[in-house]
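Me: I have a structure open and I'm new to it. Could you walk me through how to read its features?
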Amino acid sequence: QQSSLLTAVHAKGAASGLCKRPYIQLAGDQDCANSLALQALSIWGNATRACQQTPRALAVLTGATHCQWSTPVIGNCPFDKPCPEPKLSRDVQQELGLSLLKALAADDIKDELRSMGSKLAFVDETSK
């Protein structure tokens, strides 16, 4: 499903509906399930390559993990167990992610990324 979506985006290029919207990809520097090097950077490149003019950002939060983005109702997420580094609390990680999403919706993502400073391990930001 993801592959067919990306194929359609690349085929339509800037005319794709996805290219008419700002885009943010959030990742964690302590994500042991979908690490920046193994998955997040390739997803970032594939998802944004066709949309050269659209505001977009890849934000890697310091201390963020794979499992802390959601709050499980039943069970748990075992992916982060091998990570030795300290992690953010679930509430803090979700709050940081939500503030970036709100800034994206308010067309204020550049300022929000700047204000986060050391809370971000890596940022790749492009805008019109």
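Me: Let's start with helix H3. Which residues of H3 are buried?

Reply: The buried ones are Gln93, Leu96, Gly97, Leu100, Ala103 and Leu104. A good next step is to look down the helix axis. Seen that way, the buried residues of H3 fall within an arc of 120°, so they line one face of the helix. On the other side of H3, you will find Asp91, Glu95, Lys102 and Ala105 exposed. Keep in mind as we go that this is a predicted model.

Me: What do the buried residues of H3 pack against?

Reply: Their partners are E1, strand E2 (56–61) and helix H4 (109–116).

Me: How do I check the length of a helix like H3?

Reply: Compare an expected span with the one in the model. H3 covers residues 90–105, and at 1.5 Å a residue its 16 residues should span 22 Å. The end C-alpha atoms of H3 are 22 Å apart, which agrees. Just beyond, H3 is followed by Asp107, which has a positive phi, near 60°.

Me: How far can I trust what I see here?

Reply: Look at the pLDDT, the predictor's confidence in each residue. Where pLDDT is low, the predicted coordinates should not be read in detail. In this chain the mean pLDDT is 80, and 79% of the residues reach 70 or more. Confidence is highest in H3, at 92, and lowest in helix H1 (residues 2–12), at a mean of 66.

Me: Now the strands. How many residues of E2 are buried?

Reply: Six of the six residues of E2 are buried, so this strand is largely enclosed by the rest of the structure. For a strand, check both sides. Arg56, Leu58 and Val60 point one way from E2, while Ala57, Ala59 and Leu61 point the other way, and all are buried.

Me: In which sense do E1 and E2 pair, parallel or antiparallel?

Reply: The two strands pair in the parallel sense, over six bridges. To find your place in that pairing, look for Ala27, which stands opposite Val60 in E2.

Me: What about aromatic rings?

Reply: Here you look at the distance between ring centres and the angle between ring planes. A search of the whole structure finds one aromatic pair. Its members are Tyr23 and Trp44, and the pair is stacked, at 6.0 Å centre to centre with 25° between the planes. The pair links distant parts of the chain, since Tyr23 belongs to strand E1 (residues 23–28) and Trp44 to helix H2 (residues 36–48), 21 residues apart.

Me: Why does Tyr23 count as partly exposed, and why does Trp44 count as buried?

Reply: Buried means under 20% relative accessible area, and exposed means over 50%. Tyr23 has 27% relative accessibility, so it counts as partly exposed. Trp44 has 6%, so it counts as buried.

Me: Can you show me how residues far apart in sequence are placed in space?

Reply: Try Arg21, which lies in the loop between H1 and E1. Arg21 and Leu104 are 83 residues apart in sequence, yet 9.9 Å apart in space, C-alpha to C-alpha. Leaving aside its neighbours within four places in sequence, Arg21 is in contact with Thr54 and Pro55. For the chain as a whole, among contacts between residues at least 6 apart in sequence, 68% join residues at least 24 apart.

Me: And the overall layout?

Reply: The chain has four helices and three strands. From the N terminus on, the elements run α-β-α-β-α-α-β. Of the 128 residues of the chain, 33% count as buried.

Note on methods. Residues are numbered from 1 along each chain as its sequence is written. This is a predicted model: local features need pLDDT of at least 70, side-chain atom pairs count only at pLDDT 80 or more; totals for chains, interfaces and linings use all residues. Side-chain values use heavy atoms; hydrogens and water are left out. Rings of Phe, Tyr and Trp (its six-membered ring) pair if their centres lie within 6.5 Å; planes under 30 degrees apart count as stacked, over 60 as edge-to-face and the rest as tilted. Buried means under 20% relative accessible area, exposed over 50%, partly exposed in between (1.4 Å probe, protein chains only). The expected span of a helix is 1.5 Å times one less than its number of residues. The arc is that of the directions from the helix axis to the C-beta atoms. Contact means heavy atoms within 4.5 Å. Two strands pair if DSSP finds at least two bridges between them. pLDDT is the predictor's confidence in each residue, from 0 to 100.
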